[in-house]
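Colleague: I have a chain on screen and a few questions about its pockets, charged pairs and loops. Can we go through them briskly?

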Amino acid sequence: MDEKQYQTITQLLKQLSATENHNQHEVWIAKQAAIKENPQKNHLTHNDLDILGVLLQGEKTVSEVVEAVQITQGGTSRRINHLEKLDLLEKFKRPTNKKTVYLKLTADGQKLATAHIALHKHLHEETVQALAEFSDSELAVVTRFLRKLADAQKDFETRY
């Protein structure tokens, strides 16, 4: 691989992981959910949206949410408290179990979670469509290439 190829690949990978993409996703979700009264509700982290997505399946305990989103207990608790302040979820205890804290979505939380799921479905469909012109063997080469890059990054992180 020459320097020009390396620069091209590096630039393309940066485009794929750009912060700009997250901002575009926020705008898309905000339009789909149509929540206008509180602009903060339209600027959620991906972790926030993942938590809302888990709760879209129904009421859950905090522990069940932690397990589902695979964020630390402390990080999940901070995000839950933030989402509660934005009135996107509610905490409650059941009369039969005063110890365990349960979570459920508010109407706005349901709108945002549904929009987030729709975004992922839309992105999935666009990706499948964009890759349809490639053969299985070409996609296998790309997959092997990306795996090698990911392994190199992981190796670097473990060494330093």
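Modeller: Start with a cut-off: buried means under 20% relative accessible area, exposed means over 50%, and partly exposed lies in between. Keep in mind that this is a predicted model.

Colleague: Is Asp87 buried, exposed or partly exposed?

Modeller: Asp87 sits in the loop between helix 5 and strand 2. Its relative accessibility is 43%. Buried needs under 20% and exposed needs over 50%. Therefore Asp87 counts as partly exposed.

Colleague: What is the phi of Asp87?

Modeller: Asp87 is a residue other than glycine. Its phi is nevertheless positive, near 60°.

Colleague: Which residue has a side chain that reaches the backbone oxygen of Asp87?

Modeller: Look in the loop between strand 3 (97-105) and helix 6 (107-131), where Thr106 is found. Thr106 touches Asp87, Leu88, Leu89 and Glu90, leaving aside residues up to four places away in sequence. At 2.7 Å, the side chain that reaches the backbone oxygen of Asp87 is that of Thr106.

Colleague: Is Thr106 buried or exposed?

Modeller: The relative accessibility of Thr106 is 8%. The limit for buried is under 20%. So Thr106 counts as buried.

Colleague: And Ala107, buried or exposed?

Modeller: Ala107 lies in helix 6. Its relative accessibility is 52%. Exposed begins over 50%, so Ala107 counts as exposed.

Colleague: How many Å apart in space are Ala107 and Thr10?

Modeller: In sequence, Ala107 and Thr10 are 97 residues apart. In space, C-alpha to C-alpha, the separation is 42 Å.

Colleague: Now the salt bridges. How many does the structure hold?

Modeller: Side chains of opposite charge can pair when their charged atoms come close. One pair here is Asp48 with Arg79, whose closest N and O atoms are 2.6 Å apart. The total number of salt bridges in the structure is five.

Colleague: Which parts does the pair of Asp48 and Arg79 tie together?

Modeller: Asp48 is buried at a relative accessible area of 0%, whereas Arg79 is partly exposed at 22%. In sequence the two are 31 residues apart. Asp48 lies in helix 3 (residues 46-56) and Arg79 in helix 5 (residues 73-85), so the parts tied together are helix 3 and helix 5.

Colleague: Which residue forms a salt bridge with Arg94?

Modeller: Arg94 is in strand 2 (residues 89-94), and its partner is in the loop between helix 3 and strand 1 (60-61), 35 residues apart. Arg94 is partly exposed at 30% relative accessibility. With the closest N and O atoms 2.7 Å apart, the partner is Glu59.

Colleague: About how many helical turns separate Asp108 and Lys111?

Modeller: Their side chains meet in a salt bridge, 3.9 Å from N to O. Asp108 is buried at 13% relative accessibility, while Lys111 is partly exposed at 40%. The two are three residues apart in helix 6, so their separation is about one helical turn.

Colleague: Which residue just after helix 3 takes a positive phi?

Modeller: Within helix 3, the buried residues include Leu49, Ile51 and Leu52. Just after that helix, phi turns positive, at about 135°, in Gly58.

Colleague: Is Gln70 buried or exposed?

Modeller: Gln70 is found in the loop between helix 4 (62-69) and helix 5. It has a positive phi of about 55°, although it is not a glycine. At 71% relative accessibility, Gln70 counts as exposed.

Colleague: On to the pockets. What volume does the largest pocket have?

Modeller: Helix 1 (3-16), helix 6 and helix 7 (136-159) each supply at least two residues of its lining. That lining divides into 12 nonpolar, two polar and two charged residues. The volume of the largest pocket is about 430 Å³.

Colleague: Which element gives the largest share of the lining of the second largest pocket?

Modeller: The second largest pocket has a volume of about 170 Å³. Its lining includes Tyr6, Ile9, Leu13 and Phe145. By type, the lining residues are six nonpolar, one polar and one charged. The largest share, five residues, comes from helix 1.

Note on methods. Residues are numbered from 1 along each chain as its sequence is written. This is a predicted model: local features need pLDDT of at least 70, side-chain atom pairs count only at pLDDT 80 or more; totals for chains, interfaces and linings use all residues. Side-chain values use heavy atoms; hydrogens and water are left out. Helices (H or I, at least four residues) and strands (E, at least two) are DSSP runs, numbered from the N terminus. Buried means under 20% relative accessible area, exposed over 50%, partly exposed in between (1.4 Å probe, protein chains only). A polar contact is a pair of N or O atoms within 3.5 Å; within protein, one must be able to donate a hydrogen and the other to accept it, and residues adjacent in sequence count only if both atoms are side-chain atoms. Contact means heavy atoms within 4.5 Å. On a 1 Å grid over the protein atoms alone, a cavity is a set of points where a 1.4 Å probe fits but cannot get out, and a pocket is an open set with protein on both sides within 12 Å along at least five of seven lines; lining residues have an atom within 4 Å of a point. Grid points are joined across faces, edges and corners, and a volume is the space filled by probe spheres set on the points. Ala, Val, Leu, Ile, Met, Phe, Trp, Tyr, Cys and Pro count as nonpolar, Asp, Glu, Lys and Arg as charged, and the others, Gly among them, as polar. A salt bridge is a side-chain nitrogen of Lys or Arg within 4 Å of a carboxyl oxygen of Asp or Glu.
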